[in-house]
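Let's walk through a protein structure together, one question at a time. Have a look at the sequence and the 3D view first, then try each question before you read on.

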Amino acid sequence: MGGRREEPGVKPNRRDAGADAAGVSEGRATTEDAFTEHRPLLFTIAYEILGSAADAEDVLQESYLRWSAVDQDSVEHARAYLVRVVTRQSLNHLRAVRARREEYVGTWLPEPIRTAPEVSEDAILAESVSMAMMLVLETLNPTERAVFVLHDVFGYTHGEIAASVDRNEVSVRQIAHRARRHVHARRRRFEPDSDAGQEIAQRFLRAASTGEIQSLMDLLAPDVVQISDGGGKVVAARHPISGRAEVARFVLGVIRNTTTATHAEPATYNGMPAARFVTDGELDWLVAFEIHEGLITGLYGVRNPDKLHRTEMVLPLDRGGRQPWKP
C-alpha cells in the first residue's frame, strides 16, 4: 500500500526483498478489491452522467489508474474518494463530447444497457436510467447533470457533492434546485418494468407482425412518441414521430421492410421492457417500451451499430445504499 511499515526487530535501513514483494502484491490486491467492490456504483454514476456505457467504461479505467497510484493509507473512505474521482472524470469526459453530440446526425439516444429484472424493484434507480429520463438529463449542462444525479438519485449531500464538482456548498444547493426544477418540468410519466409491461410489449409485437393497425393503435397512448437513433450510419427516422396513427403507420412500415430472417427477442433494457431484433444472428436494432397505465407512451429504437456492441451482457447497477433526497 503506502510506505512500508517496519516490523519490530528489523533495522530501519535494512531491506527485505521478500517482504517488499509480498507488500506490493498485497497492496495491489487491496486496491483491486476496493475498486471491484464499488464498481457497480461507480459505473452507474458514470453512466447516468454520460449516457454512454462505452464512455462510462473509459472513465472507470481512467479512475482506476488514478486510484492505483494513490497511497491507500492516506484515504479514509475509499467509496467517497472513488465517487469523487469518477464524478470528476465523468464531468471532464462529458464536456469533451458535448460538441460531438450537438453535431449528431438525427436524434441522439443514450447507449442502451441490458439490466436485470431486479433493477425495477428500485423505482428511483429504474427511472433514473430510463430512456426518457436520460434524454431529460441530456438537456442539463454537465455540472447540473452531475449535481442532480448525485443528489436526487444517489442521495449525496450538497457538501459531499461540492468536493466532487469543485463548487462550494451554497453554489451546489442552487444548482441542485435549478436542475431539479428543470427535470421535473420535463420528465415523462414512468412505470418500472413489470410482467404487465412485458405482456403489453409482446402484444404490440404480435400486432405489428400481423399488420393489424387497429390492434396496434389500441396499445398506444394518444400522445405516444417514437424516437429512432441511427447516427447517420443506418436508415432511421431523423426526427421524433408523435401521435397514435402516425406511430402505428411508421412501425408497420419498418416491419414490412424487415426480412424473414429477422426475429424479435424479449429483453429488459434501462429498466424497461424491450425487444431485440436479430437478423442472421446479429443484433440489428433494439426497441425499449415506455408504458404508463396499460398503454405505450414511448418507443425508443436504437439502430446505430456503435451503440449495440455492449448489449449482450447484463450490467449490474447500484445506488450504493444511499437514501435519495425527498422534498
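Q: Leaving aside its neighbours within four places in sequence, which residues is Leu137 in contact with?
A: Keep in mind that this is a predicted model: local features need pLDDT of at least 70, side-chain atom pairs count only at pLDDT 80 or more, and totals for chains, interfaces and linings use all residues. Residues are numbered from 1 along each chain as its sequence is written, and side-chain values use heavy atoms, with hydrogens and water left out. Contact here means heavy atoms within 4.5 Å. Skip the neighbours within four places in sequence, and the partners of Leu137 are Glu48, Ser128, Arg145, Phe148, Val149 and Val183.

Q: In the largest nonpolar core, which residues touch the most other members?
A: In soluble globular proteins, nonpolar side chains tend to be buried together. A nonpolar core is a set of buried Ala, Val, Leu, Ile, Met, Phe, Trp, Tyr and Cys residues joined through side-chain atoms within 4.5 Å, and buried means under 20% relative accessible area (exposed is over 50%, partly exposed in between, with a 1.4 Å probe and protein chains only). The largest such core has 52 residues, and the ones that touch the most other members are Phe43, Tyr47 and Leu137.

Q: Which element gives the most to this core?
A: Helices (H or I, at least four residues) and strands (E, at least two) are DSSP runs, numbered from the N terminus. Elements giving two or more residues to this core include α2 (53-68), α3 (78-102) and α8 (169-186). With ten residues, the top giver is α1.

Q: How many residues are in the other core that lies apart from it?
A: Among the members of this other core are Leu216, Ile241, Val247 and Leu252. It sits apart from the core we just looked at, and its residues number 25.

Q: How many salt bridges does a search of the whole structure find?
A: We need a rule before we count: a salt bridge is a side-chain nitrogen of Lys or Arg within 4 Å of a carboxyl oxygen of Asp or Glu. With that rule, a search of the whole structure gives a total of 17.

Q: How many residues apart in sequence are the parts that Arg101 and Glu138 tie together?
A: The two side chains meet in a salt bridge, at 3.0 Å from N to O. Arg101 lies in helix α3 and Glu138 in the loop between α5 and α6, so the pair ties together parts whose separation in sequence is 37 residues.

Q: Are Arg145 and Glu138 buried or exposed?
A: These two side chains also meet in a salt bridge, with N and O 2.7 Å apart. As for their surroundings, both Arg145 and Glu138 are buried.

Q: Which residues do salt bridges that share partners join into one network?
A: Let's go by way of another pair: Lys307 forms a salt bridge with Asp229, the closest N and O atoms being 2.6 Å apart. This pair links distant parts of the chain, with Lys307 in the segment after β6 and Asp229 in strand β1, 78 residues apart. Lys307 counts as buried because its relative accessibility is 9%, and Asp229 because its value is 0%. Elsewhere, bridges that share partners make one network out of Asp55, Arg101, Glu138 and Arg145.

Q: What is the place of His93?
A: His93 counts as buried because its relative accessibility is 17%. Leaving aside neighbours within four places in sequence, His93 is in contact with Leu50, Asp55, Asp58, Val59 and Glu62. Its own place is in helix α3.

Q: Which element gives the most to the lining of the largest cavity?
A: On a 1 Å grid over the protein atoms alone, a cavity is a set of points where a 1.4 Å probe fits but cannot get out, a pocket is an open set with protein on both sides within 12 Å along at least five of seven lines, and lining residues have an atom within 4 Å of a point. The largest cavity has a volume (the space filled by probe spheres set on the points, which are joined across faces, edges and corners) of about 40 Å³. Its lining includes Glu127, Met133 and Phe190. With three residues, the element that gives the most is α5.

Q: Which residues lie nearest the centre of the second largest pocket?
A: About 390 Å³ of space lies in this pocket. Elements that give two or more residues to its lining include α11 (244-256) and β5 (282-292). Of the 21 lining residues, the ones nearest its centre are Phe250, Val254, Ile255, Trp285 and Arg303.
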